[in-house]
Amino acid sequence: AGETTTATATARARGGGDGNGEVDAPASSAGAAAGGRPPETAAPTGEGGMAPATAAAANMFDCDALPDSECVYFRPTSFFESIDGVGRPYFNLTLPWRGTDRKNDGEGGDSDTTLLLPKHANFLRLRRLATNSSSTSRSAASAPRDLVGGNTSNVSSSSLPSPLVPRDMAYLHLHKNGGTTVNQAMRAFVIRSRGRQRGRQRGGRGGGKGATPQYRLDEYYFPRTHKMTLTQLRRATSNVMGFIAAKQKMGGRRARESTAFTFLRHPLHKFVSAVGEVVHQGKMGPCQSFRGKELAECALNFLVGEEEGGNGEGSPGLAYNQHFKPQVIELYDCAGGTDVKVSLLDMSSIGKFVGDGCLGLKKHFRGRPETRRFFGKGDFLENLDERMVRKLCELYEVDVVFFREIGREVPECDPYV
(Lines give C-alpha, C1' and ligand atoms only; values in the text may rest on other atoms or scores of the structure.)
Protein backbone atom coordinates (compact mmCIF):
# COMPACT_ATOMS: atom_id res chain seq x y z
CA ALA A 1 0.00 0.00 0.00
CA GLY A 2 1.23 3.48 -0.78
CA GLU A 3 1.43 6.38 1.62
CA THR A 4 -1.25 9.05 1.66
CA THR A 5 -0.02 12.34 0.26
CA THR A 6 -0.60 15.31 2.55
CA ALA A 7 0.91 18.09 0.46
CA THR A 8 -1.37 20.87 -0.72
CA ALA A 9 -1.32 22.91 -3.88
CA THR A 10 -3.28 25.87 -5.16
CA ALA A 11 -5.80 24.97 -7.84
CA ARG A 12 -6.87 27.76 -10.11
CA ALA A 13 -10.31 27.41 -11.63
CA ARG A 14 -11.15 28.71 -15.05
CA GLY A 15 -14.24 30.81 -14.63
CA GLY A 16 -15.61 29.02 -11.56
CA GLY A 17 -15.37 28.80 -7.80
CA ASP A 18 -16.08 31.65 -5.43
CA GLY A 19 -14.97 34.41 -7.74
CA ASN A 20 -11.41 34.59 -6.43
CA GLY A 21 -10.24 31.90 -8.81
CA GLU A 22 -8.29 29.82 -6.32
CA VAL A 23 -8.69 27.45 -3.44
CA ASP A 24 -6.39 25.16 -1.48
CA ALA A 25 -7.10 21.72 -2.88
CA PRO A 26 -5.42 18.97 -0.86
CA ALA A 27 -3.75 16.25 -2.83
CA SER A 28 -5.29 13.85 -0.36
CA SER A 29 -9.02 13.39 -0.69
CA ALA A 30 -11.18 16.42 0.03
CA GLY A 31 -13.81 13.99 1.24
CA ALA A 32 -11.61 12.20 3.78
CA ALA A 33 -12.99 14.25 6.65
CA ALA A 34 -16.42 12.95 5.80
CA GLY A 35 -15.51 9.31 5.49
CA GLY A 36 -13.74 9.16 2.13
CA ARG A 37 -10.46 7.39 1.46
CA PRO A 38 -7.76 9.32 -0.41
CA PRO A 39 -6.12 7.84 -3.46
CA GLU A 40 -2.90 6.04 -2.60
CA THR A 41 -0.98 7.06 -5.68
CA ALA A 42 -0.95 9.75 -8.30
CA ALA A 43 -1.55 7.26 -11.07
CA PRO A 44 -2.99 8.46 -14.38
CA THR A 45 -6.71 8.94 -14.06
CA GLY A 46 -7.77 7.33 -17.32
CA GLU A 47 -6.94 3.68 -17.66
CA GLY A 48 -8.35 2.97 -21.07
CA GLY A 49 -5.24 3.47 -23.17
CA MET A 50 -4.17 -0.15 -23.12
CA ALA A 51 -4.64 -2.88 -25.68
CA PRO A 52 -7.57 -5.23 -25.03
CA ALA A 53 -6.66 -8.28 -22.99
CA THR A 54 -6.73 -11.70 -24.59
CA ALA A 55 -9.12 -13.11 -21.98
CA ALA A 56 -12.84 -12.85 -22.67
CA ALA A 57 -14.62 -10.04 -20.87
CA ALA A 58 -16.46 -11.15 -17.72
CA ASN A 59 -19.20 -8.59 -18.43
CA MET A 60 -19.75 -5.30 -20.23
CA PHE A 61 -17.98 -3.40 -17.40
CA ASP A 62 -14.70 -5.35 -17.65
CA CYS A 63 -12.88 -2.56 -19.48
CA ASP A 64 -9.44 -4.23 -19.45
CA ALA A 65 -10.81 -6.98 -21.69
CA LEU A 66 -12.81 -4.69 -23.99
CA PRO A 67 -11.86 -2.17 -26.69
CA ASP A 68 -11.55 1.41 -25.45
CA SER A 69 -14.40 2.35 -27.76
CA GLU A 70 -16.74 0.24 -25.60
CA CYS A 71 -15.50 0.76 -22.05
CA VAL A 72 -12.85 2.87 -20.28
CA TYR A 73 -11.80 2.92 -16.63
CA PHE A 74 -11.61 6.27 -14.84
CA ARG A 75 -10.79 7.44 -11.30
CA PRO A 76 -12.76 10.66 -10.63
CA THR A 77 -11.07 11.53 -7.33
CA SER A 78 -7.60 11.25 -8.83
CA PHE A 79 -8.66 13.43 -11.77
CA PHE A 80 -9.29 16.39 -9.45
CA GLU A 81 -7.02 15.66 -6.48
CA SER A 82 -3.85 13.89 -7.62
CA ILE A 83 -0.72 16.03 -7.87
CA ASP A 84 -0.65 15.49 -11.63
CA GLY A 85 -4.42 15.18 -12.06
CA VAL A 86 -5.55 16.69 -15.35
CA GLY A 87 -8.62 18.13 -13.63
CA ARG A 88 -6.74 19.72 -10.73
CA PRO A 89 -6.72 23.23 -12.27
CA TYR A 90 -10.52 23.00 -12.38
CA PHE A 91 -11.05 22.09 -8.74
CA ASN A 92 -12.84 25.38 -7.97
CA LEU A 93 -15.54 24.46 -10.45
CA THR A 94 -16.73 21.80 -8.00
CA LEU A 95 -17.46 24.34 -5.25
CA PRO A 96 -20.76 25.82 -6.54
CA TRP A 97 -22.22 22.32 -6.27
CA ARG A 98 -21.40 22.03 -2.58
CA GLY A 99 -22.97 23.26 0.64
CA THR A 100 -22.96 22.88 4.41
CA ASP A 101 -25.41 21.20 6.74
CA ARG A 102 -27.51 23.55 8.83
CA LYS A 103 -26.80 21.32 11.77
CA ASN A 104 -24.65 18.24 12.26
CA ASP A 105 -26.08 14.76 12.73
CA GLY A 106 -24.74 14.33 16.24
CA GLU A 107 -21.78 12.21 15.22
CA GLY A 108 -19.19 14.57 13.81
CA GLY A 109 -19.26 17.47 16.25
CA ASP A 110 -19.12 21.12 15.25
CA SER A 111 -16.82 20.38 12.32
CA ASP A 112 -19.76 18.92 10.40
CA THR A 113 -21.21 22.41 9.99
CA THR A 114 -18.13 23.72 8.16
CA LEU A 115 -17.55 20.95 5.62
CA LEU A 116 -18.25 21.74 1.98
CA LEU A 117 -20.15 18.64 0.92
CA PRO A 118 -21.81 17.71 -2.39
CA LYS A 119 -25.48 18.64 -2.51
CA HIS A 120 -26.20 15.73 -4.83
CA ALA A 121 -24.52 12.33 -5.19
CA ASN A 122 -27.19 10.11 -6.67
CA PHE A 123 -26.47 6.43 -7.19
CA LEU A 124 -28.14 3.02 -7.27
CA ARG A 125 -26.60 -0.11 -5.79
CA LEU A 126 -27.70 -3.52 -7.06
CA ARG A 127 -26.47 -6.42 -4.90
CA ARG A 128 -26.87 -10.15 -5.23
CA LEU A 129 -28.12 -11.75 -2.03
CA ALA A 130 -27.09 -15.10 -0.59
CA THR A 131 -29.85 -17.40 -1.82
CA ASN A 132 -30.42 -21.09 -2.31
CA SER A 133 -28.46 -22.34 -5.32
CA SER A 134 -31.48 -24.33 -6.47
CA SER A 135 -33.15 -21.21 -7.84
CA THR A 136 -34.80 -22.02 -11.14
CA SER A 137 -35.58 -20.11 -14.28
CA ARG A 138 -38.20 -17.41 -14.08
CA SER A 139 -41.15 -17.79 -16.39
CA ALA A 140 -42.63 -14.93 -18.35
CA ALA A 141 -45.66 -15.14 -16.06
CA SER A 142 -43.59 -13.54 -13.30
CA ALA A 143 -42.82 -10.41 -15.30
CA PRO A 144 -43.44 -7.05 -13.59
CA ARG A 145 -46.28 -5.69 -15.71
CA ASP A 146 -46.16 -2.18 -14.29
CA LEU A 147 -42.45 -1.67 -15.03
CA VAL A 148 -42.00 -3.50 -18.32
CA GLY A 149 -44.76 -1.86 -20.28
CA GLY A 150 -47.67 -4.19 -19.48
CA ASN A 151 -46.44 -7.05 -21.68
CA THR A 152 -44.98 -10.14 -20.03
CA SER A 153 -43.17 -11.12 -23.22
CA ASN A 154 -40.76 -8.24 -22.63
CA VAL A 155 -38.85 -10.16 -19.97
CA SER A 156 -36.28 -12.85 -20.65
CA SER A 157 -36.86 -16.26 -19.09
CA SER A 158 -33.13 -16.88 -18.59
CA SER A 159 -32.10 -18.16 -15.18
CA LEU A 160 -30.86 -15.99 -12.36
CA PRO A 161 -28.36 -15.11 -11.09
CA SER A 162 -26.79 -14.18 -14.41
CA PRO A 163 -23.00 -14.24 -14.81
CA LEU A 164 -23.33 -10.99 -16.78
CA VAL A 165 -24.63 -9.13 -13.70
CA PRO A 166 -21.83 -8.36 -11.20
CA ARG A 167 -22.48 -9.42 -7.62
CA ASP A 168 -22.19 -5.83 -6.38
CA MET A 169 -22.71 -2.98 -8.82
CA ALA A 170 -23.19 0.75 -8.25
CA TYR A 171 -24.66 2.94 -10.98
CA LEU A 172 -23.46 6.55 -10.70
CA HIS A 173 -26.37 8.67 -11.83
CA LEU A 174 -25.42 11.54 -14.15
CA HIS A 175 -28.37 13.80 -14.94
CA LYS A 176 -29.82 13.57 -18.47
CA ASN A 177 -27.71 10.51 -19.26
CA GLY A 178 -30.42 7.86 -19.19
CA GLY A 179 -30.86 7.65 -15.42
CA THR A 180 -34.63 7.13 -15.55
CA THR A 181 -34.21 4.19 -17.91
CA VAL A 182 -31.50 2.60 -15.76
CA ASN A 183 -33.55 3.12 -12.59
CA GLN A 184 -36.67 1.52 -14.06
CA ALA A 185 -34.69 -1.36 -15.55
CA MET A 186 -32.94 -2.15 -12.26
CA ARG A 187 -36.24 -2.12 -10.40
CA ALA A 188 -37.77 -4.44 -12.99
CA PHE A 189 -34.78 -6.76 -12.75
CA VAL A 190 -35.11 -7.01 -8.94
CA ILE A 191 -38.80 -7.81 -9.20
CA ARG A 192 -38.08 -10.47 -11.82
CA SER A 193 -35.48 -12.02 -9.53
CA ARG A 194 -38.06 -12.83 -6.85
CA GLY A 195 -38.86 -16.52 -6.65
CA ARG A 196 -42.62 -17.09 -6.93
CA GLN A 197 -44.48 -20.25 -6.14
CA ARG A 198 -46.50 -21.81 -8.93
CA GLY A 199 -50.23 -21.70 -8.75
CA ARG A 200 -50.49 -18.17 -7.41
CA GLN A 201 -53.26 -16.02 -8.75
CA ARG A 202 -52.39 -14.71 -12.17
CA GLY A 203 -51.62 -11.02 -12.42
CA GLY A 204 -50.73 -10.80 -8.73
CA ARG A 205 -48.13 -8.32 -7.60
CA GLY A 206 -45.10 -8.66 -5.39
CA GLY A 207 -43.45 -11.72 -3.95
CA GLY A 208 -45.61 -12.35 -0.88
CA LYS A 209 -45.14 -15.66 0.91
CA GLY A 210 -42.63 -17.92 -0.74
CA ALA A 211 -40.88 -15.07 -2.57
CA THR A 212 -37.10 -15.42 -2.60
CA PRO A 213 -35.43 -12.20 -3.70
CA GLN A 214 -32.04 -12.80 -5.28
CA TYR A 215 -31.08 -9.14 -5.64
CA ARG A 216 -31.56 -5.99 -3.62
CA LEU A 217 -31.67 -2.44 -4.96
CA ASP A 218 -30.53 0.35 -2.63
CA GLU A 219 -31.80 3.58 -4.11
CA TYR A 220 -30.01 6.83 -3.46
CA TYR A 221 -31.52 8.17 -6.67
CA PHE A 222 -33.56 10.69 -4.69
CA PRO A 223 -31.57 11.14 -1.45
CA ARG A 224 -34.13 13.55 -0.03
CA THR A 225 -36.53 10.61 0.39
CA HIS A 226 -34.11 9.24 2.98
CA LYS A 227 -34.25 12.55 4.91
CA MET A 228 -30.47 12.56 5.00
CA THR A 229 -28.25 15.49 5.88
CA LEU A 230 -25.40 16.26 3.51
CA THR A 231 -23.03 14.68 6.02
CA GLN A 232 -25.07 11.48 6.13
CA LEU A 233 -25.33 11.39 2.34
CA ARG A 234 -21.56 11.85 2.03
CA ARG A 235 -20.94 9.09 4.55
CA ALA A 236 -23.31 6.68 2.77
CA THR A 237 -21.70 7.47 -0.58
CA SER A 238 -18.18 7.04 0.80
CA ASN A 239 -19.06 3.74 2.47
CA VAL A 240 -20.52 2.17 -0.67
CA MET A 241 -17.84 3.44 -3.06
CA GLY A 242 -15.08 2.68 -0.56
CA PHE A 243 -16.28 -0.91 -0.22
CA ILE A 244 -16.32 -1.39 -3.99
CA ALA A 245 -12.90 0.27 -4.34
CA ALA A 246 -11.45 -2.09 -1.72
CA LYS A 247 -12.79 -5.11 -3.62
CA GLN A 248 -11.38 -3.75 -6.87
CA LYS A 249 -7.90 -3.55 -5.34
CA MET A 250 -8.06 -7.23 -4.39
CA GLY A 251 -8.04 -8.18 -8.06
CA GLY A 252 -9.29 -11.42 -9.55
CA ARG A 253 -12.89 -12.53 -9.11
CA ARG A 254 -13.66 -10.04 -6.34
CA ALA A 255 -12.64 -7.15 -8.56
CA ARG A 256 -14.70 -8.42 -11.51
CA GLU A 257 -17.78 -8.81 -9.32
CA SER A 258 -17.56 -5.32 -7.76
CA THR A 259 -18.38 -2.64 -10.29
CA ALA A 260 -19.04 1.09 -10.34
CA PHE A 261 -20.27 2.29 -13.73
CA THR A 262 -22.10 5.01 -15.60
CA PHE A 263 -23.00 6.20 -19.09
CA LEU A 264 -21.59 9.30 -20.77
CA ARG A 265 -23.18 11.71 -23.21
CA HIS A 266 -21.81 14.30 -25.63
CA PRO A 267 -21.59 17.50 -23.51
CA LEU A 268 -23.45 19.69 -26.00
CA HIS A 269 -26.24 17.14 -26.45
CA LYS A 270 -26.51 16.94 -22.68
CA PHE A 271 -26.94 20.73 -22.43
CA VAL A 272 -29.78 20.79 -24.95
CA SER A 273 -31.48 17.88 -23.16
CA ALA A 274 -31.02 19.63 -19.81
CA VAL A 275 -32.71 22.77 -21.15
CA GLY A 276 -35.71 20.68 -22.17
CA GLU A 277 -35.87 19.11 -18.71
CA VAL A 278 -35.68 22.46 -16.89
CA VAL A 279 -38.39 23.92 -19.15
CA HIS A 280 -40.50 20.87 -18.35
CA GLN A 281 -40.00 21.68 -14.67
CA GLY A 282 -41.18 25.24 -15.33
CA LYS A 283 -37.89 26.65 -14.03
CA MET A 284 -36.21 28.09 -17.13
CA GLY A 285 -36.81 31.71 -16.10
CA PRO A 286 -37.54 34.08 -18.98
CA CYS A 287 -37.10 31.30 -21.54
CA GLN A 288 -40.17 29.22 -20.73
CA SER A 289 -42.18 30.27 -23.78
CA PHE A 290 -39.44 29.72 -26.37
CA ARG A 291 -38.85 26.63 -28.49
CA GLY A 292 -36.08 25.29 -30.71
CA LYS A 293 -33.03 27.44 -31.37
CA GLU A 294 -34.58 30.46 -29.65
CA LEU A 295 -34.99 28.40 -26.48
CA ALA A 296 -31.39 27.15 -26.55
CA GLU A 297 -30.06 30.68 -27.16
CA CYS A 298 -32.22 32.22 -24.43
CA ALA A 299 -31.20 29.54 -21.92
CA LEU A 300 -27.52 29.97 -22.68
CA ASN A 301 -27.72 33.76 -22.42
CA PHE A 302 -29.62 33.44 -19.16
CA LEU A 303 -27.00 31.14 -17.62
CA VAL A 304 -24.09 33.39 -18.60
CA GLY A 305 -25.93 36.64 -17.79
CA GLU A 306 -26.04 38.03 -21.31
CA GLU A 307 -29.78 38.21 -21.85
CA GLU A 308 -31.09 41.62 -22.93
CA GLY A 309 -27.65 43.17 -23.10
CA GLY A 310 -26.46 41.97 -19.69
CA ASN A 311 -22.74 42.01 -18.94
CA GLY A 312 -22.54 38.61 -17.32
CA GLU A 313 -22.27 39.89 -13.77
CA GLY A 314 -24.36 37.96 -11.27
CA SER A 315 -25.17 35.23 -13.78
CA PRO A 316 -26.48 31.99 -12.23
CA GLY A 317 -24.07 29.80 -14.20
CA LEU A 318 -24.45 26.05 -14.61
CA ALA A 319 -25.17 25.67 -10.89
CA TYR A 320 -28.60 27.22 -11.55
CA ASN A 321 -29.98 23.68 -11.91
CA GLN A 322 -28.42 20.29 -11.24
CA HIS A 323 -29.31 19.09 -14.74
CA PHE A 324 -26.63 21.44 -16.15
CA LYS A 325 -23.90 19.96 -13.94
CA PRO A 326 -20.76 18.85 -15.83
CA GLN A 327 -20.51 15.09 -16.02
CA VAL A 328 -17.02 14.80 -14.53
CA ILE A 329 -18.07 16.85 -11.47
CA GLU A 330 -21.04 14.54 -10.98
CA LEU A 331 -18.64 11.60 -11.16
CA TYR A 332 -16.37 13.26 -8.62
CA ASP A 333 -19.21 13.82 -6.15
CA CYS A 334 -20.55 10.28 -6.63
CA ALA A 335 -17.10 8.82 -5.90
CA GLY A 336 -17.48 10.00 -2.31
CA GLY A 337 -13.82 10.90 -1.85
CA THR A 338 -12.69 7.31 -2.54
CA ASP A 339 -10.35 5.94 -5.18
CA VAL A 340 -13.11 3.90 -6.80
CA LYS A 341 -12.52 2.92 -10.42
CA VAL A 342 -15.52 3.64 -12.63
CA SER A 343 -16.37 1.86 -15.87
CA LEU A 344 -17.41 4.49 -18.39
CA LEU A 345 -19.70 3.48 -21.24
CA ASP A 346 -21.38 5.47 -23.97
CA MET A 347 -25.04 6.32 -23.50
CA SER A 348 -25.78 4.27 -26.63
CA SER A 349 -24.88 1.17 -24.57
CA ILE A 350 -27.93 1.50 -22.32
CA GLY A 351 -29.94 -0.77 -24.62
CA LYS A 352 -27.26 -3.42 -24.29
CA PHE A 353 -27.21 -2.98 -20.51
CA VAL A 354 -30.99 -3.38 -20.24
CA GLY A 355 -30.99 -6.27 -22.68
CA ASP A 356 -28.71 -9.21 -23.40
CA GLY A 357 -25.53 -7.46 -22.26
CA CYS A 358 -26.51 -7.46 -18.60
CA LEU A 359 -30.02 -7.40 -17.12
CA GLY A 360 -31.70 -9.57 -19.75
CA LEU A 361 -34.85 -7.47 -20.16
CA LYS A 362 -35.90 -7.84 -23.77
CA LYS A 363 -37.58 -4.49 -24.22
CA HIS A 364 -35.61 -1.26 -24.11
CA PHE A 365 -37.26 1.28 -21.84
CA ARG A 366 -38.09 4.59 -23.40
CA GLY A 367 -37.01 7.76 -21.68
CA ARG A 368 -39.17 10.80 -21.18
CA PRO A 369 -39.67 13.00 -24.27
CA GLU A 370 -38.99 16.45 -22.78
CA THR A 371 -36.06 17.26 -25.08
CA ARG A 372 -37.73 16.39 -28.37
CA ARG A 373 -40.95 18.04 -27.25
CA PHE A 374 -39.16 21.40 -27.07
CA PHE A 375 -36.51 20.96 -29.77
CA GLY A 376 -38.03 18.69 -32.42
CA LYS A 377 -36.83 15.36 -33.75
CA GLY A 378 -33.68 16.41 -35.61
CA ASP A 379 -30.09 16.60 -34.47
CA PHE A 380 -30.04 18.58 -31.23
CA LEU A 381 -26.91 20.45 -32.35
CA GLU A 382 -28.93 22.01 -35.17
CA ASN A 383 -30.32 24.29 -32.47
CA LEU A 384 -26.86 25.79 -31.81
CA ASP A 385 -25.06 28.38 -33.93
CA GLU A 386 -21.29 29.00 -33.89
CA ARG A 387 -21.41 31.60 -31.12
CA MET A 388 -23.50 29.31 -28.92
CA VAL A 389 -21.17 26.36 -29.52
CA ARG A 390 -18.19 28.50 -28.49
CA LYS A 391 -19.94 29.64 -25.31
CA LEU A 392 -20.99 26.11 -24.40
CA CYS A 393 -17.49 24.74 -24.99
CA GLU A 394 -16.17 27.37 -22.62
CA LEU A 395 -18.85 26.61 -20.03
CA TYR A 396 -18.19 22.87 -20.22
CA GLU A 397 -14.43 23.11 -20.65
CA VAL A 398 -13.83 20.70 -17.76
CA ASP A 399 -15.99 18.07 -19.49
CA VAL A 400 -14.19 18.59 -22.79
CA VAL A 401 -10.83 18.08 -21.05
CA PHE A 402 -12.25 15.02 -19.27
CA PHE A 403 -13.48 13.51 -22.54
CA ARG A 404 -10.06 13.97 -24.12
CA GLU A 405 -8.41 12.37 -21.08
CA ILE A 406 -10.39 9.16 -21.60
CA GLY A 407 -9.85 9.11 -25.35
CA ARG A 408 -13.17 10.62 -26.41
CA GLU A 409 -13.44 13.63 -28.66
CA VAL A 410 -15.70 16.67 -28.73
CA PRO A 411 -14.67 17.99 -32.15
CA GLU A 412 -17.06 20.94 -32.03
CA CYS A 413 -14.96 22.35 -29.18
CA ASP A 414 -11.51 21.87 -30.73
CA PRO A 415 -11.32 25.49 -32.01
CA TYR A 416 -12.20 26.91 -28.58
CA VAL A 417 -10.76 24.60 -25.87
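## Exercises: helix packing and ring pairs

Helix H5 (residues 267-280) packs against helix H6 (residues 292-304) at an angle of about 90°, with their axes 10 Å apart. The model is predicted: local features need pLDDT of at least 70, side-chain atom pairs count only at pLDDT 80 or more, and totals for chains, interfaces and linings use all residues. Residues are numbered from 1 along each chain as its sequence is written, and side-chain values use heavy atoms, without hydrogens and water.

**Exercise 1.** Classify the angle of H5 to H6, then name the residues in contact.

*Solution.*
- Step 1. H5 is roughly perpendicular to H6, a term for angles of 65 to 115 degrees.
- Step 2. H5 contributes Phe271, Val275 and Val279, and H6 contributes Leu295, Ala296, Ala299, Leu300 and Leu303. Contact means heavy atoms within 4.5 Å.

**Exercise 2.** Classify the ring pair of Phe271 and Tyr396, then place both residues.

*Solution.*
- Step 1. Rings of Phe, Tyr and Trp (its six-membered ring) pair if their centres lie within 6.5 Å; planes under 30 degrees apart count as stacked, over 60 as edge-to-face and the rest as tilted.
- Step 2. The centres of Phe271 and Tyr396 are 6.4 Å apart and the planes are at 70°, so the pair is edge-to-face.
- Step 3. Phe271 lies in helix H5 and Tyr396 in the loop between helix H10 (386-395) and helix H11 (397-405), so the pair ties together parts 125 residues apart in sequence.

**Exercise 3.** Decide whether Phe271 and Tyr396 are buried or exposed.

*Solution.*
- Step 1. Buried means under 20% relative accessible area, exposed over 50%, partly exposed in between (1.4 Å probe, protein chains only).
- Step 2. Phe271 has 0% relative accessibility, so Phe271 counts as buried.
- Step 3. Tyr396 has a relative accessible area of 1% and is buried.

Definitions and conventions. Axes are lines fitted to C-alpha atoms, for helices over the stretch in contact, and angles run from 0 to 180 degrees between N-to-C directions. Helices (H or I, at least four residues) and strands (E, at least two) are DSSP runs, numbered from the N terminus. Angles under 35 degrees count as roughly parallel, over 145 as roughly antiparallel, 65 to 115 as roughly perpendicular and the rest as oblique.
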